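Me: Please take a close look at one helix packing contact in this protein. Describe what meets what there, then place it in the rest of the chain.

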Amino acid sequence: MATPWPDKPCPYCGLTITDLLLEMVPDAQQGSAEYRAINDRQPGGAITCAYCQGAVEYAANGEDLVQSIREPLRYSRPKCEDRAWRNAQVFLNQQDTDPEHGWRTTRAWPARCTATDMRRILRMRFRAEELEFLSAWAREERAVEPYILPAHRLQAAHQVRGIDLIRAIKAWARSEGRRDEDIFDLHANPNPVWPWPTPQELADRLVATGT
Ligand SMILES: [Zn+2]
């Protein structure tokens, strides 16, 4: 199973869509052919851009997002509200999150975080403990409420944006010639340690990944 993290611009509004948040689609629709197409990063299914609500679909190259004439899958409102509420609880510095409107800012999605899009992801080598953490964090991302899980609790404790971790994963995949979703099976430890001893070390890492 893939968690598509396109990290590509929306073909309508141009904002970078890092995470399609497929797990937020209602469970009843997760068996559909359209859902599987998006999950497999192939044409054949559309989902709404979280910024502008346009229907986007994967291009045939499995990388870019294009405009779609299909009826898009939409996010489950209860799921989004639950996650926005959880997100607001763990990222207390997000003043603009509330259960009614906050889902737009779920997992640090607001435009203020992504306006500087098209940033280059540089090649870099990762240490084993970094990969162990990123692997556990990525697996937790498939849960509807990841912020109650160990790696996400560490993320919250250190007030790091999810988009930064996703870009670190993509930087790893690119540097190793792997697919993003290969991170899931890289390690199996569900209780990783926080791999960056100082805030400065993490900041340097994020600079190196272009975030
Ligand atoms: Zn858009």
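Reply: Two residues are taken to be in contact if their C-beta atoms, placed from the backbone, lie within 7 Å. By that criterion, in this predicted model, Phe133, Ala136, Trp137 and Glu140 of helix 4 meet Pro150, Ala151, His152 and Gln155 of helix 5. Five of the residues in this contact of helix 4 with helix 5 are nonpolar, two are polar and one is charged.

The geometry of the pair is as follows. Helix 4 covers residues 128–140 and helix 5 covers residues 150–157. Their axes lie 8 Å apart and make an angle of about 105 degrees. Angles of 65 to 115 degrees count as roughly perpendicular, and helix 4 and helix 5 are therefore roughly perpendicular to each other.

Next comes the chain beyond helix 5. The loop between helix 5 and helix 6 contains Gln159. Phi of Gln159 is near 55 degrees, which is a positive value in a residue other than glycine. Gln159 has 11 other C-beta atoms within 10 Å, so it is exposed, the limit for that class being 12 or fewer.

Helix 6 spans residues 162–176. Its 15 residues, at 1.5 Å a residue, should span 21 Å, and the end C-alpha atoms are indeed 21 Å apart, so expectation and model agree. Several residues of helix 6 are buried: Gly162, Ile163, Leu165, Ile166, Arg167, Ala168, Ile169, Ala171 and Trp172. After helix 6 comes Gly177, with a positive phi near 70 degrees.

As for the protein as a whole, there are seven helices and five strands. Read from the N terminus, the order of elements is β-β-α-β-β-β-α-α-α-α-α-α. Of the 211 residues, 32% are buried. Among contacts with a separation of 6 or more, 61% join residues 24 or more positions apart.

The strands also deserve a description. An open sheet is formed by three strands in the order 3-4-5, with antiparallel pairing. Strand 3 (46–48) and strand 5 (65–67) are at the edges with a single partner strand each, so each has one side without a neighbour in the sheet. On average, and with direction ignored, neighbouring strands of this sheet are turned by 45 degrees against each other. Three bridges join strand 3 to strand 4 (residues 55–58) in the antiparallel sense. One bridge pairs Ala46 with Glu57 of strand 4.

Between strand 3 and strand 4, the loop includes Gln53. Like Gln159, Gln53 is a residue other than glycine with a positive phi, here near 70 degrees. Gln53 counts as exposed because it has 11 C-beta neighbours inside 10 Å.

Another loop residue is Gln30, placed between strand 2 (16–17) and helix 1 (33–39). Gln30 counts as partly exposed because it has 13 C-beta neighbours inside 10 Å. Leaving aside residues up to four places away in sequence, Gln30 touches Val25 and Tyr35. The C-alpha atom of Gln30 is 9.5 Å from that of Leu73, a residue 43 positions away along the chain.

Key:
Residues are numbered from 1 along each chain as its sequence is written. This is a predicted model: local features need pLDDT of at least 70, side-chain atom pairs count only at pLDDT 80 or more; totals for chains, interfaces and linings use all residues. Helices (H or I, at least four residues) and strands (E, at least two) are DSSP runs, numbered from the N terminus. The expected span of a helix is 1.5 Å times one less than its number of residues. A residue is buried if 20 or more other C-beta atoms lie within 10 Å of its own, exposed if 12 or fewer, and partly exposed in between; C-beta atoms are placed from the backbone. Axes are lines fitted to C-alpha atoms, for helices over the stretch in contact, and angles run from 0 to 180 degrees between N-to-C directions. Angles under 35 degrees count as roughly parallel, over 145 as roughly antiparallel, 65 to 115 as roughly perpendicular and the rest as oblique. Ala, Val, Leu, Ile, Met, Phe, Trp, Tyr, Cys and Pro count as nonpolar, Asp, Glu, Lys and Arg as charged, and the others, Gly among them, as polar. Two strands pair if DSSP finds at least two bridges between them.
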